[in-house]
Amino acid sequence: MQNILLSLLILFATGCANTVPYAEWTPKEKTLYKYYLALQVIDTAQTGSVINCQRNNDRCTLSEANPVYGKRPSMEKLIGMKIGLNALLYVALGREKTNRVTTLKILNTTMTIVVGHNQLLLNKAL
């Protein structure tokens with residue numbers, strides 16, 4: 001519950017920042033951002049599989065590698081942190097001086113590597 005409240009606080013605080021509205025982003029920026037969000041959904045689902053494995057199987061060898069979440073996160077913590085961190089990222093991307101295309105290409109490349117690596121580990125363990 002504490003993580004959800006923290007995420008909501010972050011969300012409300014980020015609304016006060018001076019940003020370029022999503023409607024004014026270029027089509028390329030919007031497409032890259034949608035890819036980023038899709039990768040975030042996949043990553044969340046993969047982490048959910050790890051959480052379920054840990055909860056339902058005493059012999060589960062999987063653990064979360066992201067130190068932000070801890071080795072055995074709850075779904076509530078995971079979703080709360082994802083909402084909060086992605087809200088902060090959205091605000092950062094909305095800044096006028098931010099190069100959204102370059103930033104999103106870097107994020108998407110990184111997330112593609114993470115998701116691919118996660119899937120390899122899940123395929124071996126499950």
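Here a biologist questions a modeller about two salt bridges and a surface patch.

Modeller: This is a predicted model, where local features need pLDDT of at least 70, side-chain atom pairs count only at pLDDT 80 or more, and totals for chains, interfaces and linings use all residues. Residues are numbered from 1 along each chain as its sequence is written, and side-chain values use heavy atoms, with hydrogens and water left out.

Biologist: Why is the pair of arginine 100 and glutamate 29 called a salt bridge?

Modeller: The closest N and O atoms are 3.1 Å apart. A salt bridge needs a side-chain nitrogen of Lys or Arg within 4 Å of a carboxyl oxygen of Asp or Glu. The pair therefore qualifies.

Biologist: What makes glutamate 29 buried?

Modeller: Its relative accessible area is 10%. Buried means under 20%, exposed over 50%, partly exposed in between (1.4 Å probe, protein chains only). So glutamate 29 is buried. Arginine 100, at 8%, is buried too.

Biologist: How do you know that lysine 82 and aspartate 43 form a salt bridge?

Modeller: Their closest N and O atoms are 2.6 Å apart. That is within the cut-off, so the pair counts. Lysine 82 has 10% relative accessibility and counts as buried. Aspartate 43 has 8% and is buried.

Biologist: Why is leucine 85 called partly exposed?

Modeller: Leucine 85 has 42% relative accessibility. That value lies between the buried and exposed limits, so partly exposed is the term.

Biologist: Which residues make the nonpolar surface patch?

Modeller: Val68, Leu85 and Leu88 make the patch, of about 240 Å². Patch residues have over 30% relative accessible area and no salt bridge; like charges are joined within 9 Å, nonpolar side chains (Val, Leu, Ile, Met, Phe, Trp, Tyr) within 5 Å. At 42%, leucine 85 therefore passes the area limit.

Notes. Accessible areas come from the Shrake-Rupley method with a 1.4 Å probe; for residues, only the protein chains shown count as cover.
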